[in-house]
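User: I've got this model open and I'd like to know what backs up the labels people put on it. Can you take me through them?

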Amino acid sequence: VRKVNGAKRKDLVFQFLSEATITVLLALAIAFVFLFFVKSAFLKLWVNQYLNFDLNVTLEVVLLSLGFALLVGIIAGIFPALHLSAYNPVRALRNLKLGQPGRLGLRKVLTTFQFSLSLLFIITAIVVFNQFRHFMQFEYGFNPDNVLLVNLQSNDYELAKTAFSRVSGVDDVAGCAYLPATGRNDNTRLKKPGSSPEEEGHRAINVGVDESFIRTLEINLIAGKNLPPAGSGLSSMILVNEATANVLGYDNPLDIVGESLETSSDTLQVAGVVEDFTFHLLFNGRPIGPVIMRHVPETFKFLSVKIGSGREKETLARLEEAWKAIDPIHPLAYEYYEDKLANYNRGIFDIATVIGFIALLAITIACLGLLGMATYTTERRTKEVGIRKVLGAGDIRLAYLLSKEFLIILGIAIVIAAPLSYFLNNLWLNFLVTRVEFGPGTLLTGSLLLLLLGLVTIVPQTLRISLRNPVDSLRNE
């Protein structure tokens, strides 16, 4: 009609582009309001203490957002602008079949892509959350419960250990250079005496601990004896884990007890063997390897203090009083060991939170697109529904008929996204030694969730059309 009245193609192109741009600018304004509410949630993410995001709305952010919004408006409006403005006015008025059922090919493809992307994020969020839960429930091979990690702050280890051991409520105190699974490790090379000088030896973690260490963390001694106490003159005695015995060729852990081992600077003797326990961070992808533990007080930087359950506050107050007698200048610096381990896994939870949020946005956008397409298509088929009802078609049958093409879209999205999700998630899971099981159950859960959300979106609309009075449907058409 506008072309008949003299409108040029460029005028129509400008109209479509300007309408799309105005719509996007309105969305940008709403997005800034939305940012105001979600900003605090992102700032509270554990990982932000290292990234230091501030999310402040500066002039640069506004200009970049405005430019991005204009780009989106142009991209969104360019196709309908060029496509619709190209119609011959006479043919357009004579053949009003635009938008009939079956002519929504591009929209169906885009909707299928949206739901495929949504399912990818849904499944990924489930996998990441399951991995986080697996880490939180992981058995390290030692017991971190009710263990305080106290920084010695260059104070005398023996003095602090003696003072803390006398505090009521303290079950045990051990000195150590650092604790397992906290991200630090000192390496050395181990080999049997008599090995050739060219042999590099086996890489092993070398950690300084005292004789109370394995008792405080409840690490099981499976062969031999514990480390001798300080002052016994047996500083060359070491504890090793099962992995050490295995890599050095000992089939039975008991066989390595009493054997001598060489490092780059010392010859050491094995006093005992402990069960394997996790020493590296869970997400760094390194399996359990050889570990040696040796009494080297000059390396001790921490005390691990085991306190009785149920009296933590009282015991902690007494420990602070005892610390003041040792170091009246610096306050007691401590951290619960189990909290420290949990914090290292908080990054995984943050990733799950962010991906879950993206999945929510993606599925919301996809469902809105599906709802718009379902509303438009079903309204166009009102007359068809009325005729079918007059001829005896039931409401459920009509609802299925109207929903069928949308169910096909959901089915195609699942067929595309489920294998892709399995492949992509296994790529990063394979980098983890400690990983959650990822199989058909997770894919089925995500697919059913997507299907449920799709049905909730389209079924009310199709039922509304199918339940209409056939006479009203034919009259309103």
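User: What makes the space of about 40 Å³ a cavity?

Analyst: This is a predicted model, so keep that in mind throughout. The label cavity is used because a 1.4 Å probe fits at those points but cannot get out. The largest cavity holds about 40 Å³ of space, and the structure has 1 cavity of 30 Å³ or more.

User: Which residues line the largest cavity, and how do you know how many of them are nonpolar?

Analyst: Around the largest cavity sit Tyr140, Ala181, His280, Leu281, Leu282, Phe283, Leu341, Tyr344 and Asn345. Tyr, Ala, Leu and Phe count as nonpolar, while residues outside the nonpolar and charged lists count as polar. That gives 7 nonpolar, 2 polar and no charged residues in this lining.

User: Why is the second largest pocket called a pocket rather than a cavity?

Analyst: A pocket is an open set of points, with protein on both sides within 12 Å along at least five of seven lines, whereas a cavity is one the probe cannot leave. The second largest pocket takes in about 810 Å³ of space. It is lined by 23 residues, and Ala31, Phe34, Leu35, Phe357 and Leu361 lie nearest its centre. Elements giving two or more residues to that lining are α1 (9-43), α2 (48-51), α3 (59-85) and α11. The most comes from α1, with 9 residues. By class, the lining has 19 nonpolar, 4 polar and no charged residues.

User: On to the sheet. How do you know that β2 and β10 pair?

Analyst: Two strands pair if there are at least two bridges between them. β2 and β10 (residues 302-307) have 6 bridges, in the antiparallel sense. One example is Gly175, whose bridge partner in β10 is Leu303.

User: What is the order of the strands in the open sheet, and why are β2 and β11 said to stand at the edges?

Analyst: The 4 strands run in the order β2-β10-β1-β11, with antiparallel pairing. β2 (170-176) and β11 (334-336) each have a single partner strand, so one side of each is left without a neighbour in the sheet. From one strand to the next, the twist averages 25 degrees.

User: Which strands does helix α10 lie across, and which does α11 lie across?

Analyst: Helix α10 (residues 312-326) lies across β1 (147-151), β2, β10 and β11, running at about 145 degrees to β10. Helix α11 (residues 337-380) lies across β1 and β11, at about 70 degrees to β11. Helix α11 also turns up among the elements lining the second largest pocket.

Note on methods: Residues numbered from 1 in each chain as written. Predicted model: local features only at pLDDT ≥ 70, side-chain atom pairs only at ≥ 80, totals over all residues. Heavy atoms only, no water. Axes fitted to C-alpha atoms, helices over the stretch in contact; angles between N-to-C directions. Contact = heavy atoms within 4.5 Å. 1 Å grid on protein atoms, 1.4 Å probe; cavity = no way out; pocket = protein on both sides within 12 Å on 5 of 7 lines; lining within 4 Å. Points joined across faces, edges and corners; volume = space filled by probe spheres on them.
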